[in-house]
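Q: Could you take me through the assignments made for this model, setting each value against the cut-off that decides it?

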Amino acid sequence: MSKFLKIIITTMILIPILYMVFWSFTDILPWPKLIPDGINLDVWKQLISSKDYIRTIGVSIVVSMWTAAICILVALPTAYAITCFDFCWKPVIRGIVYLPFFIPSISLSLGLHSAFLTAGITDSIMGVVLSHIVPCLPYTIMILEGSFEQMGRSFSEQGRNLGANSIQLLTMVYLPNMRQALYLSASMSFIVSFSQYLLTFLVGGGIIKTLPVMLFQIMQNGNRTEISAYSLGFIILGAICTYLIRKYLGERYIMKYML
Amino acid sequence: MHLFNTKISRRKIYYEIHALGDDMSFFQIKNITKKYGELKVLNDISLSAKQGEFISILGESGSGKTTLLRIISGLEGQFAGEILLKDRNITKLSTQRRGVSMVFQDYLLFPHLNAIENIEFGLKIRGVTKSQRYREAKNLLELVQMDRHENKYPHQLSGGQKQRIAIARAVIVKPLLLLLDEPFSSLDANLRVDMCDFIRNIQRQTSITTILVTHDREEAMKISDRIALLYGGEIAQFDEPVKLYEKPSDLYTASFMGDVNILAEEEGYYLAVRPENIRLSSSDREGCNSAIVKDLQYTGSRTKCKALYEDKEISFFLAGNAEKVKISSKIYIEIDKSKILKIKA
């Protein structure tokens, strides 16, 4: 990537963040002033001391963690089967797996809401987690499938020839060589779940409140300082969680406890 | 069932050496036919091996030799025919249950395991205790002369070293049959010679019945007890290297196994002679014939001379750089009549 392109991309990411940082500490900037009179920490104090905000963070993390974990557990055998085995209807199965990519999110959300209402699992963390799995799973499978494909069937053949069954192949040959892909797919499903608004709002029914739902409510109030502070909090939290997944799930947990 | 026992003493390894068994039925493949759609890749292949024998499957690219090896290993399905190994019909057994180990062309060492862990893999799968599998892997590391590299990962090893580890990994599970798929193809020329000797030594020490797939006739001749030459999915000839060279069944076998000069054609046979059975003669004495030199190819220890003899191009070898022989000059050659091959046309 050329240096110029790097500068452009970095600027495009940084400008909105800097804008939010600026406004989270400033409630008013009358024309023609360019620099505010002082720093206003009221919103940050309110944000840190808000029990509702802390609880919402907790719910968001729990929902996204569960979503990521279930997605990995479902995606791993699915991607393994799609890549390493030949079976009837394989293209159809692959099509079904990636279907959520092609369905508009509003249709998906309304359909899931209707189905979950019938099943009686709305307004619960379980319902929200299950609904989040639907849009997250295709990303997880796609990343893991790529990783299996990269290793190819040769390792599988070599492992089988040395006596390994399918489970041993997965745990003793494939998984140890897939740390990067596991971390990536876990992070991806975590982030997608972490930023789900519509599904959480519909399936959670306002009772299960995650950060995007809270952020949406704050946006409706129209307070720019509040919106900026909460948005920044959302970004910082997402970055911290992704870092922690990488540190503990990507390197330690999988190697130490799963294998 | 242990095919060989290991004892370790003063860092020397002694393998109980089994003499070649007389029983041709130790390993048999019967009437193997394999099709990919309409394309027949293997056609009615049958061959057998004695216990402890070293067989090579030799052939050009696309002759079906790797497919045959994959069928034997159980990695290729949907074929007709039978495979028998030590009184068991293994045709329908999975690769895990066949007692057949395969060393793949590109070694396929597991990148997350170091050398000794790679060797231990098969035993770990079989639930062998850590101390025992370490002991056995260590013995094999010494056998393949890699004991100084036990903690190295595949990316830290050279091609030849990787191959030694791959062989040790295949041998540790004590297979009844060892399959080697073009093991020398990714090695450079000097290393190929060393590895060829090395593999033959290991095979002699372990006495594991071995099948090697190669396209290199010299390697196959050097290393094998018998060679099956594949041509177009069929066995052209299956015999000892010397018989393939000196008594080829057809012209394809004769020319695949080495240079051959066709001297005449009579009653459905070619009369031919190998280049080493043509000698340069100093004079026009009885039994000598004249020829015109067309080309000289100097290769160091000898020079290949191409000449026109009775309107046919023949080739033979001259010792050293053969300074006296010049292109377009007339020479006298002597053909060893006792070595003339009669090959089916």
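Q: Why is Lys90(A) called buried?

A: In this predicted model, the relative accessibility of Lys90(A) is 14%, and because buried means under 20%, Lys90(A) counts as buried.

Q: What makes the contact of Lys90(A) with Asp86(A) a salt bridge, and is Asp86(A) buried or exposed?

A: The N to O distance between the side chains of Lys90(A) and Asp86(A) is 3.8 Å, and the rule asks for a Lys or Arg nitrogen within 4 Å of a carboxyl oxygen of Asp or Glu, so the pair qualifies as a salt bridge. Asp86(A) has a relative accessible area of 62%, and since exposed means over 50%, Asp86(A) is exposed.

Q: How do you know that Asp52(A) and Lys209(A) form a salt bridge, and what does the pair tie together?

A: Their side chains meet at 2.9 Å, N to O, which is within the 4 Å that the rule allows. Asp52(A) lies in helix α3 (residues 51-84) of chain A and Lys209(A) in the loop between α11 (198-204) and α12 (211-221), so the pair ties together parts that are 157 residues apart in sequence. Asp52(A), with a relative accessible area of 27%, falls between the limits of 20% and 50% and is therefore partly exposed, whereas Lys209(A), at 18% relative accessibility, counts as buried.

Q: Why are Arg133(B) and Glu120(B) called buried, and what makes them a salt bridge?

A: The closest N and O atoms of Arg133(B) and Glu120(B) are 3.3 Å apart, which satisfies the limit of 4 Å. The pair links helix α3 (residues 130-143) of chain B, which holds Arg133(B), with helix α2 (residues 115-125) of chain B, which holds Glu120(B), the two residues being 13 apart. Arg133(B) has 11% relative accessibility and Glu120(B) has 9%; because buried means under 20%, Arg133(B) counts as buried, and Glu120(B) counts as buried too.

Q: What makes Glu157(A) part of the interface of chain A and chain B, and is Glu157(A) buried or exposed?

A: Glu157(A), in helix α8 (residues 154-161) of chain A, forms a salt bridge with Arg70(B), the closest N and O atoms being 2.6 Å apart. Leaving aside neighbours within four places in sequence, Glu157(A) is in contact with Arg70(B), Leu75(B) and Phe104(B). Its relative accessible area is 13%, and as this is under 20%, Glu157(A) is therefore buried. Across this interface the rule finds one salt bridge.

Q: How many residues meet between chain A and chain B, and which residues of chain A supply the area?

A: On the contact criterion, 16 residues of chain A meet 23 residues of chain B. The area buried between the two chains is about 1,800 Å², with carbon and sulfur atoms giving 61% of that area. Asn161(A), Leu162(A) and Met172(A) supply 38% of what chain A buries against chain B, more than any other three residues.

Q: What describes the boundary between the two domains of chain A?

A: Chain A is divided into domain 1 (1-40) and domain 2 (51-258), whose C-alpha centres lie 32 Å apart. Eight residues of domain 1 are in contact with seven residues of domain 2, and the buried area is about 680 Å², 73% of it from carbon and sulfur atoms. On the side of domain 1, Met20(A), Trp23(A) and Ser24(A) lose the most area to domain 2, together 69% of what that side buries. The count of salt bridges between these domains is zero.

Q: Why is Phe4(A) called exposed, and which patch does Phe4(A) belong to?

A: Phe4(A), placed in helix α1 (residues 3-24) of chain A, has a relative accessible area of 60%, and because exposed means over 50%, Phe4(A) is exposed. With Leu5(A), Ile8(A), Ile9(A), Met12(A) and Ile13(A), Phe4(A) forms a nonpolar surface patch of about 600 Å² accessible area together.

Q: Why does Asp311(B) count as exposed, and where does Asp311(B) lie?

A: Asp311(B) lies in the loop between β17 (302-309) and β18 (312-319) of chain B. Its relative accessibility is 75%, which is over the 50% limit, so Asp311(B) counts as exposed.

Definitions and conventions. Residues are numbered from 1 along each chain as its sequence is written. Chains are lettered from A and ligands numbered from 1 in the order in which they are written. This is a predicted model: local features need pLDDT of at least 70, side-chain atom pairs count only at pLDDT 80 or more; totals for chains, interfaces and linings use all residues. Side-chain values use heavy atoms; hydrogens and water are left out. Patches are made of residues with over 30% relative accessible area and no salt bridge: like charges are joined within 9 Å, nonpolar side chains (Val, Leu, Ile, Met, Phe, Trp, Tyr) within 5 Å. Accessible areas come from the Shrake-Rupley method with a 1.4 Å probe; for residues, only the protein chains shown count as cover. Helices (H or I, at least four residues) and strands (E, at least two) are DSSP runs, numbered from the N terminus. Buried means under 20% relative accessible area, exposed over 50%, partly exposed in between (1.4 Å probe, protein chains only). Domain bounds come from an automatic or database domain assignment. Contact means heavy atoms within 4.5 Å. Buried area is the accessible area (1.4 Å probe) that two parts lose on being put together, summed over both.
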